Amino acid sequence: MKLTGNTIFITGGGSGIGRGLAEALHKRGNAIIISGRRKGHLEEVCKANPGMSYVELDVEDTKSIASAAEKLIKDHPKLNVLINNAGIMQADDVAGVVEDALIVSTITTNLMGPMRMTSALIEHLKAQESSYVINVTSGLAFIPLAMAAVYSSTKAAMHSYSQSLRYKLRGTSVKCLELAPPWVKTELMGDNDDPRQMPLDEFIAETMQVLESDNHEILTERAKMLRNNAGPNEAAFVDQFNDMLAAPAKEGALSH
Ligand SMILES: NC(=O)c1ccc[n+]([C@@H]2O[C@H](COP(=O)([O-])OP(=O)(O)OC[C@H]3O[C@@H](n4cnc5c(N)ncnc54)[C@H](OP(=O)(O)O)[C@@H]3O)[C@@H](O)[C@H]2O)c1
């Protein structure tokens with residue numbers, strides 16, 4: 001992907017990976033519009049990065065998606081990149097009763113949100129000379145983390161959806177990329193100092209390099225171990241991975 005001269009809309013750009021991508025892409029000469037629910041975060045990021053703008057958005061709310069899409073198309077007619085990054089992750093225990101609110105909010109945000117956002121912008125993207133839908137999934141799309149089973153399922157579903165989208169968009173000006181991060185230090189599951197997390201700045205730097213390639217899947221080295229392990233030995237690997245993450249961190253242990 002050409003990393004300059006685009007007009008890029010990022011959901012969840014007020015923190016974490018979304019903010020990191022927004023700032024790196026802003027520095028590379030792209031027009032950036034970030035979005036999310038917490039206006040204070042959006043204002044702070046835009047203040048720190050003159051020229052960046054924001055749209056308030058709740059991807060759980062269909063009306064909010066429709067009004068954000070309308071505003072984007074009106075105010076940014078050259079919009080050619082959608083990054084579906086907004087997401088939530090909560091621990092669950094699927095061997096017991098799981099709160100319905102967790103199931104509904106996780107699936108609505110992580111799966112229905114990107115599907116609806118893509119649907120709201122796809123005709124606009126197809127009318128551009130060259131455009132992209134970039135779906136932020138996870139290494140957990142390929143190997144589930146059993147203590148976040150609902151979350152892992154949404155990411156596996158987003159991997160499937162991204163493949164269908166890519167196939168259906170062949171022959172159009174729109175490409176679909178899947179960005180599957182490993183475990184990165186953000187506030188996704190609250191503040192946490194586990195040393196197995198990849199520092200955010202290292203993740204963004206490596207991701208920017210891979211984004212510049214022609215790869216459909218944007219994988220840092222740390223994410224490849226999960227991506228490459230599906231196959232006949234998947235069940236044993238799922239057990240090994242979950243046993244390892246349930247244990248305290250050891251020097252050099254794997255991360256997702
Ligand atoms: N960190 C990791 O280890 C990791 C690994 C693999 C994949 N990922 C994925 O990376 C993406 C970004 O996560 P992160 O780690 O950067 O965590 P984060 O800092 O918590 O970022 C999540 C962002 O999503 C936004 N968001 C959440 N619900 C939303 C909603 N209903 N409407 C609009 N925006 C919403 C949040 O903004 P508001 O709260 O202001 O709305 C926030 O800016 C997620 O899709 C996550 O699943 C993260």
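**View 1. Helix α1 passes helix α6 in a right-handed crossing.** This view, like those that follow, shows a predicted model. The two axes come within 10 Å, and their crossing angle is roughly 55 degrees. Angles from 35 up to 65 degrees fall outside the parallel and perpendicular classes, so α1 counts as oblique to α6. From α1 (16–27), the contact takes G16, I17, G20, L21, A24 and L25. From α6 (residues 200–211), L200, F203, I204, T207 and M208 take part. By class, eight of the contact residues are nonpolar, three are polar and none is charged.

**View 2. Helices α4 and α5 cross at roughly 15 degrees.** Their axes come within 9 Å. The angle is under 35 degrees, and therefore α4 is roughly parallel to α5. This crossing is right-handed. On the α4 side (residues 100–126), the contact residues are L102, I103, T106, I107, N110, L111, P114, M115 and T118. On the α5 side (149–168), they are V150, Y151, T154, K155, A157, M158, Y161 and L165. Twelve residues of this contact are nonpolar, four are polar and one is charged.

**View 3. Helix α3 packs against helix α4, with axes that come within 10 Å.** Helix α3 spans residues 62–75, and the crossing angle is roughly 30 degrees. With the limit set at under 35 degrees, α3 is therefore roughly parallel to α4. The handedness of the crossing is right-handed. T62, I65, A69, L72 and I73 of α3 meet G113, R116, M117, A120, L121 and H124 of α4. The class count is seven nonpolar, three polar and one charged.

**View 4. One cavity of 30 Å³ or more is counted in the model.** The largest cavity holds about 30 Å³ of space. Its lining consists of T11, V59, N84, N85, A86, T109, G113, P114 and M117. Helix α4 gives the largest share of this lining, with four residues. Residues G113 and M117 of α4 also appear in the contact with α3, while P114 of α4 appears in the contact with α5. Four lining residues are nonpolar, five are polar and none is charged.

**View 5. The largest pocket encloses about 1,100 Å³ of space.** Its lining has 46 residues, and those closest to the pocket centre are S15, G87, T186, E187 and L188. Two or more lining residues come from each of α1 (16–27), β2 (31–36), α2 (39–48) and α5 (149–168). Helix α1 gives the most, with three residues. The lining splits into 19 nonpolar, 19 polar and eight charged residues. Helix α1 thus serves this pocket and also the oblique contact with α6.

**View 6. The second largest pocket holds about 230 Å³ of space.** Its lining is K2, G5, N6, T7, K78, N80, Q128, E129, S130 and Y132. One of these residues is nonpolar, six are polar and three are charged.

Conventions:
Residues numbered from 1 in each chain as written. Predicted model: local features only at pLDDT ≥ 70, side-chain atom pairs only at ≥ 80, totals over all residues. Heavy atoms only, no water. 1 Å grid on protein atoms, 1.4 Å probe; cavity = no way out; pocket = protein on both sides within 12 Å on 5 of 7 lines; lining within 4 Å. Points joined across faces, edges and corners; volume = space filled by probe spheres on them. Nonpolar A, V, L, I, M, F, W, Y, C, P; charged D, E, K, R; others polar. Axes fitted to C-alpha atoms, helices over the stretch in contact; angles between N-to-C directions. Parallel < 35°, antiparallel > 145°, perpendicular 65-115°, else oblique. Left-handed = near helix turned anticlockwise from the far one by under 90°. Contact = heavy atoms within 4.5 Å.
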